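User: I've got a structure here and would like to talk it through with you. Can we go at it question by question?

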Amino acid sequence: MGKFNKTGKKEMPVLNTSSLPDLIFTLLFFFMIVTTMREVTLKVEFKVPQATELEKLEKKSLVTFIYVGKPTAEFRKKLGNESRIQLNDSYAEVAAIQDYIIGERASMKEEDQPQMTVSLKVDQDTKMGIVTDIKEALRKAYALKINYSAQPRQ
């Protein structure tokens, strides 16, 4: 039978952490690639339309969005159930669209300004009168490319 030697205790080997920064950098890089940031908090509800045509945008940074729809549940008590216009993170009236487009165009590079596209995201229950007023304001602001998407009634 063997004897157990208690006098020769072994120490725990040192943990090698030299590759830890590489692993952390790889994880950080992965999350930076797959995460998308939403620029605007939606305050109106709209149903996404079914696509009938597809147009590839060269630069997504040249697209300015105007959302039209009923206010979300948290704003409904204050604003009612009528369709509202959202520019960036706030509600606006049709009269503010022209200044909004001019400001968005001014924030772009001069060579990119002719390629600016305005995309209207409109709920299916929105009355056409609001959309017509928005289009008229966009014409006054010389917004040359307008992308209109709305859910058709079924």
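**Salt bridges, core and rings**

Analyst: Sure, and the charged pairs make a handy start: the count of salt bridges comes to one. Keep in mind that this is a predicted model.

User: Which side chains meet in that salt bridge?

Analyst: Both partners sit in helix H4, three residues apart, so about one helical turn separates them. One partner, Glu136, is partly exposed at 39% relative accessible area, and the other, Arg139, counts as exposed at 51%. With 3.3 Å from N to O, the pair is Glu136 and Arg139.

User: Let's zoom out. In what order do the helices and strands run from the N terminus?

Analyst: There are four helices and six strands to place. Starting at the N terminus, the order is α-β-β-α-β-β-α-β-α-β.

User: What share of the protein's contacts with a separation of 6 or more joins residues 24 or more positions apart?

Analyst: The chain has 154 residues, 27% of them buried. Among contacts with a separation of 6 or more, the share between residues 24 or more positions apart is 69%.

User: And how much of the accessible surface belongs to carbon and sulfur atoms?

Analyst: The total accessible surface of the protein is about 12,500 Å². The part belonging to carbon and sulfur comes to 56%.

User: On to helix H3. Why do its buried residues line one face?

Analyst: The buried residues of H3, which spans residues 97–106, are Ile97, Tyr100, Ile101 and Arg105. As a rule, an α-helix has 3.6 residues a turn, so residues three or four places apart point the same way. Looking down the axis of H3, the buried residues line one face because they fall within an arc of 130°.

User: Which exposed residues are on the face of H3 turned away from the buried side?

Analyst: The buried side of H3 packs against strands E2 (63–71), E3 (84–87) and E5 (117–122), plus helix H4 (128–140). Turned away from that buried side, the exposed residues are Asp99 and Ala106.

User: Which element gives the largest share of the largest nonpolar core?

Analyst: That core holds 19 residues, and those touching the most other members are Ile66, Ile85, Leu87, Ile97, Ile101, Ile134 and Leu138. At least two core residues come from each of E2, E3, H3, E5 and H4. The largest share is four residues, and the element supplying them is H4.

User: Take Leu87 from that list: what is Leu87 in contact with, leaving aside neighbours within four places in sequence?

Analyst: Leu87 is one of the core residues that touch the most other members. Beyond its sequence neighbours, Leu87 is in contact with Ile66, Ala92, Ala96, Ile97 and Tyr100.

User: Now the rings. Are Phe25 and Phe29 stacked or edge-to-face?

Analyst: Altogether the count of aromatic pairs is four. In the Phe25–Phe29 pair, the ring centres are 6.4 Å apart and the planes meet at 20°; that angle is under the 30 degrees cut-off, so the pair is stacked.

User: Where do Phe25 and Phe29 lie, and which of them counts as partly exposed?

Analyst: Both lie in helix H1 (residues 20–34), four residues apart, or about one turn of the helix. Phe25 is exposed, at 57% relative accessible area. At 49%, the one that counts as partly exposed is Phe29.

User: What kind of aromatic pair do Phe30 and Phe31 form?

Analyst: Both are partly exposed, Phe30 at 45% and Phe31 at 47%. Their centres are 5.3 Å apart with 70° between the planes, and the pair is edge-to-face.

User: What is the phi of Asn88?

Analyst: Asn88 lies in the loop between E3 and strand E4 (90–92) and is partly exposed, at 38% relative accessible area. Most residues other than glycine have a negative phi. Asn88 isn't a glycine, yet its phi is positive, at about 55°.

User: Last one: is Asp123 buried or exposed, and how far is Asp123 from Glu45 in space?

Analyst: Asp123 sits in the loop between E5 and H4, and at 7% relative accessibility it counts as buried. Not counting residues up to four places away in sequence, Asp123 touches Glu45, Phe46, Lys47, Val68 and Gly69. Asp123 and Glu45 are 78 residues apart in sequence, while their C-alpha to C-alpha distance is 7.0 Å.

Definitions and conventions: Residues are numbered from 1 along each chain as its sequence is written. This is a predicted model: local features need pLDDT of at least 70, side-chain atom pairs count only at pLDDT 80 or more; totals for chains, interfaces and linings use all residues. Side-chain values use heavy atoms; hydrogens and water are left out. Buried means under 20% relative accessible area, exposed over 50%, partly exposed in between (1.4 Å probe, protein chains only). The arc is that of the directions from the helix axis to the C-beta atoms. Contact means heavy atoms within 4.5 Å. A nonpolar core is a set of buried Ala, Val, Leu, Ile, Met, Phe, Trp, Tyr and Cys residues joined through side-chain atoms within 4.5 Å. Rings of Phe, Tyr and Trp (its six-membered ring) pair if their centres lie within 6.5 Å; planes under 30 degrees apart count as stacked, over 60 as edge-to-face and the rest as tilted. Accessible areas come from the Shrake-Rupley method with a 1.4 Å probe; for residues, only the protein chains shown count as cover. A salt bridge is a side-chain nitrogen of Lys or Arg within 4 Å of a carboxyl oxygen of Asp or Glu.
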